[in-house]
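User: I'd like to go through this structure with you and ask how each label is earned. Could you set the values against the cut-offs as we go?

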Amino acid sequence: MDIPEAMIKTTQRQMMDEFAQRISGQGLSFEQYLQFTGMTADKMMDELRPQAEKRIKTRLVLEAIAKAENIEVSDEELDKEFERLATAYRTDVESLKEYAAESEIQAIKDDLALQKAADLIMENVKERAKPKKKAKEEDKDTDKEEK
C-alpha cells in the first residue's frame, strides 16, 4: 500500500506533538527531553516513521470497514462522547459543544465510527474463537477419558 509522503509526515508530526504533550504533563518540556536523551527532532521523526505508517494503514482499513458495514454514529453516542470529553477537560458539555467547530464534531464522529469498526472486528474474532476453544476443550476431555 503506497501512502503519500505528506500523509506520513503529518502523522509523524502529530505523534511527536502527542508525545510532547504527554511529557509536558509530567513536567518536562520537549526540548528538555531532547537534551536529556541526546535525540534531535529529526531523529525522532525518523524513528516515528514505521509507527506513523502503521497508524495510517490501520486507520485506512478501519475506514474501509466502517464504510462497507455502513457504520454510523448516533446522536446519543456523540452526546456520550461529549460527556466523556467534558469530564476529561474539566468543563461542561454545553461549553464544549458551543466551541466545537463543525470539523471537530465530524472528527469526533469519524473517530467513534472507527472505534465501532474496531469493536466489530473484535466481536467477530471472539465469535470465531468460540468454536475453536470449545473444540480444544472437547479434545482435552477426550484425552482425559482415554487415560
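Analyst: Let's start with a term we'll need: two residues are in contact when heavy atoms of theirs lie within 4.5 Å. Also keep in mind that this is a predicted model.

User: Which residues does Thr11 contact, leaving aside its neighbours within four places in sequence?

Analyst: Those are Ala52, Arg55 and Ile56. Thr11 itself sits in helix α1.

User: Why is Thr11 called buried?

Analyst: The cut-off for buried is under 20% relative accessible area. Thr11 has 7% relative accessibility, so Thr11 counts as buried.

User: And what makes Phe19 buried?

Analyst: Same kind of check! Phe19 comes in at 19% relative accessibility, and buried means under 20%, so Phe19 makes the cut.

User: How do you know what to call Ile65, with its relative accessible area of 22%?

Analyst: Buried needs a value under 20% and exposed needs one over 50%, with partly exposed in between. Ile65 has 22%, so Ile65 is partly exposed. You'll find Ile65 in helix α3. Not counting residues up to four places away in sequence, Ile65 touches Ala117, Leu120 and Ile121.

User: How far apart are Ile65 and Gln106?

Analyst: They are 41 residues apart in sequence, and 18 Å apart in space from C-alpha to C-alpha.

User: How many aromatic pairs does a search of the whole structure find?

Analyst: Just 1 aromatic pair turns up.

User: What makes Phe19 and Tyr33 a pair, and why is the pair called edge-to-face?

Analyst: Rings pair if their centres lie within 6.5 Å, and planes over 60 degrees apart count as edge-to-face. The ring centres of Phe19 and Tyr33 are 4.9 Å apart and their planes stand at 70 degrees, so both tests are passed and the pair is edge-to-face. The pair links distant parts of the chain, with Phe19 in helix α1 (residues 5-24) and Tyr33 in helix α2 (residues 30-37), 14 residues apart.

User: What is there to notice about the phi of Asn70?

Analyst: Asn70 has a positive phi of about 50 degrees, and it is not a glycine. Most residues other than glycine have a negative phi. Asn70 is found in the loop between α3 (41-68) and α4 (75-88).

User: Is Asn70 buried or exposed?

Analyst: Exposed means over 50%, and Asn70 has 61% relative accessibility, so Asn70 counts as exposed.

User: What about Arg90: which sign does its phi have, and where is the residue?

Analyst: The phi of Arg90 is positive, near 55 degrees, and this residue isn't a glycine either. Arg90 lies in the loop between α4 and α5 (93-99). At 79% relative accessibility, against a cut-off of over 50%, Arg90 counts as exposed too, so the label fits.

User: Zooming out, how many helices and strands are there?

Analyst: The protein has 6 helices and 0 strands. Along the sequence that reads α-α-α-α-α-α.

User: How does the radius of gyration of the protein fit with a compact globule?

Analyst: A compact globule of 147 residues would be near 15 Å, but the protein has 22 Å. The C-alpha atoms fill a box of roughly 65 × 45 × 35 Å along the principal axes.

User: How much of the protein counts as buried?

Analyst: Of its 147 residues, 23% do. The protein exposes about 11,600 Å², with carbon and sulfur atoms supplying 50% of that area.

Technical notes:
Residues numbered from 1 in each chain as written. Predicted model: local features only at pLDDT ≥ 70, side-chain atom pairs only at ≥ 80, totals over all residues. Heavy atoms only, no water. Helix = DSSP H or I, 4+ residues; strand = E, 2+ residues; numbered from the N terminus. Rg over C-alpha atoms; globule rule 2.2 N^0.38 Å. Buried < 20%, exposed > 50% of the residue type's maximum accessible area, 1.4 Å probe, protein only. Areas by Shrake-Rupley, 256 points an atom, 1.4 Å probe, with all protein chains shown as cover. Phe/Tyr/Trp six-rings, centres within 6.5 Å; stacked < 30°, edge-to-face > 60°.
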